[in-house]
Amino acid sequence: MFGLEALDLARIQFAFTISFHILFPAITIGLASYLAVLEGLWLKTHNDTYRDLYHFWSKIFAVNFGMGVVSGLVMAYQFGTNWSRFSDFAGSVTGPLLTYEVLTAFFLEAGFLGVMLFGWNRVGRKLHFFATVMVAIGTLISTFWILASNSWMQTPQGYEIVNGQVIPVDWLAVIFNPSFPYRLMHMATAAFVATAFFVGSSAAWHLLRGRDNPAIRTMLSMAMWMALIVAPIQAVIGDFHGLNTLKHQPAKIAAIEGHWENVGNEPTPLILFGWPDMKAEKTRFAVEIPYLGSLILTHSLDKQVPALKEFAPEDRPNSTIVFWSFRIMVGLGFLMIFTGLWSLWLRKRDRLYSNRAFLYLALWMGPSGLIAILAGWFTTEIGRQPWVVYGLMRTADASSMHSFLQMSITLALFVVVYFSLFGVGLGYMMRLVRKGPKINEGAEPSHGGPGQQRTPARPLSAADDNGEGDHSHSLNKGN
């Protein structure tokens with residue numbers, strides 16, 4: 001069907017499930033740190049606005065965290081079901097790395113998550129803040145191990161191959177492989193930026209509807225400060241990541257650039273737009289800027305960038321896809337930087353919360369960070385092809401021996417279940433966002449006191465069927 005084989009369906013299934021999954025950890029990473037900052041600011045300033053925002057975003061964090069855990073379990077199972085030959089070949093490296101993630105990050109998150117979500121009225125302020133910080137650190141540790149495993153597949157080192165299997169001989173080299181530091185920083189920063197625009201979009205939505213209060217303004221202000229500072233930093237990190245990729249995966253860079261061949265000793269132009277044609281081996285309708293490709297990728301005006309024709313056809317990534325996925329990511333990155341700069345200009349003129357054109361931009365930029373993350377992952381993973389472990393094992397040699405019918409049925413089931421299950425979860429999360437923070441949500445109750453029973457926060461009971469939510473309980477400031 002459509003010229004696809006069982007291998008293609010296995011790849012589509014993995015791409016589909018990871019595309020769903022990666023959205024949740026990205027927001028989880030950003031929100032966990034955001035919650036730690038909010039609670040820290042509340043403890044320091046005693047400004048109840050930060051407390052109200054903490055309770056509001058902790059509900060959204062709880063829903064998002066749950067969906068991330070569920071979707072992540074499916075990813076692990078697919079290594080055994082659909083990619084068993086890869087697991088047999090490289091499982092001695094990827095298996096321990098994922099185990100370390102469970103033993104460190106997941107246990108840390110699980111150990112303190114209950115205190116963070118339900119212990120606001122049951123433990124002291126400092127202990128609760130400590131729990132929030134531990135959950136935030138846990139999300140970053142999880143990112144560390146996942147990126148270590150994935151980066152090793154991109155730039156493997158610290159191993160030997162014995163009897164057709166990878167054997168780790170230097171775990172520090174395995175973990176801190178050449179691309180790992182750049183990819184870790186790039187992903188973690190992307191999560192912070194994506195969360196900032198998610199938070200900023202939520203604030204813009206309420207301001208456009210006339211709901212103007214200190215909590216909403218604080219949401220927008222903090223989000224735009226993050227965009228202003230971190231989005232340019234992300235661009236710098238991306239540049240270093242690109243130089244590292246050029247060194248270790250030159251075919252990926254050639255595919256990203258849609259660059260097919262060098263002419264004499266001429267520097268490489270930058271192709272802004274075009275349509276890479278894999279069969280014709282050229283980029284059609286190319287719009288080029290002379291010298292700029294060499295300047296960006298080699299930081300010189302005379303060095304050339306490797307071209308796709310320098311690699312055998314069977315070793316070339318699909319340039320048509322990664323050419324455009326990369327440009328979507330970069331284009332959204334420039335929009336993020338522009339949004340941050342515009343917010344600064346409006347802030348200086350005291351119009352940040354009233355300029356409707358800017359608020360509409362902030363609203364529509366809400367999913368931009370998540371879209372950029374997806375585009376970046378497509379660029380990274382498709383650009384690695386045809387290798388599942390770069391230079392060591394081809395993707396065609398890594399899949400299980402399933403039939404086309406089996407893969408078709410499981411892929412169809414995944415699509416139906418994912419859209420149904422996570423569609424409901426995302427819908428519920430958006431209902432929470434539309435409700436907005438409740439002012440004085442953590443005010444002192446009229447009953448109870450230190451050491452007495454009080455009603456716990458219930459993040460999953462925040463929105464009832466009519467969208468107004470259950471606010472019969474109240475939250476105090478802690479002991």
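Here are three short exercises on a predicted model, each with a worked solution.

**Exercise 1.** Find where Thr 395 sits in the chain, decide whether Thr 395 is buried or exposed, and list its contacts beyond the neighbours within four places in sequence.

*Solution.*
- Start with the chain: Thr 395 is in the loop that runs between strand S6 (393-394) and helix H13 (404-435).
- Now the surface: its relative accessible area is 6%. Buried means under 20%, so Thr 395 counts as buried.
- Finally, the contacts: with neighbours within four places in sequence set aside, Thr 395 touches Leu 7, Arg 11, Trp 83, Gln 385, Pro 386, Trp 387 and Val 388.

**Exercise 2.** Work out what lines the second largest pocket, and which element gives the largest share.

*Solution.*
- Get the volume down: about 1200 Å³.
- Next, look around the centre: 44 residues line this pocket, and the closest to its centre are His 186, Gly 238, Phe 326, Met 329 and Val 330.
- Then go by element: among those giving two or more residues to the lining are helix H6 (180-208), helix H7 (214-248) and strand S3 (270-277). The largest share, 10 residues, belongs to H10.
- Last, sort the lining by type: 26 residues are nonpolar, 13 polar and five charged.

**Exercise 3.** Place Gly 238 in its element, classify its exposure, and give its C-alpha distance to Met 187.

*Solution.*
- The element is helix H7.
- The relative accessible area of Gly 238 is 26%. Partly exposed lies between the 20% and 50% cut-offs, so Gly 238 is partly exposed.
- For the distance, go C-alpha to C-alpha: Gly 238 and Met 187 are 10.0 Å apart in space and 51 residues apart in sequence.

Conventions. Residues numbered from 1 in each chain as written. Predicted model: local features only at pLDDT ≥ 70, side-chain atom pairs only at ≥ 80, totals over all residues. Heavy atoms only, no water. Buried < 20%, exposed > 50% of the residue type's maximum accessible area, 1.4 Å probe, protein only. Contact = heavy atoms within 4.5 Å. 1 Å grid on protein atoms, 1.4 Å probe; cavity = no way out; pocket = protein on both sides within 12 Å on 5 of 7 lines; lining within 4 Å. Points joined across faces, edges and corners; volume = space filled by probe spheres on them. Nonpolar A, V, L, I, M, F, W, Y, C, P; charged D, E, K, R; others polar.
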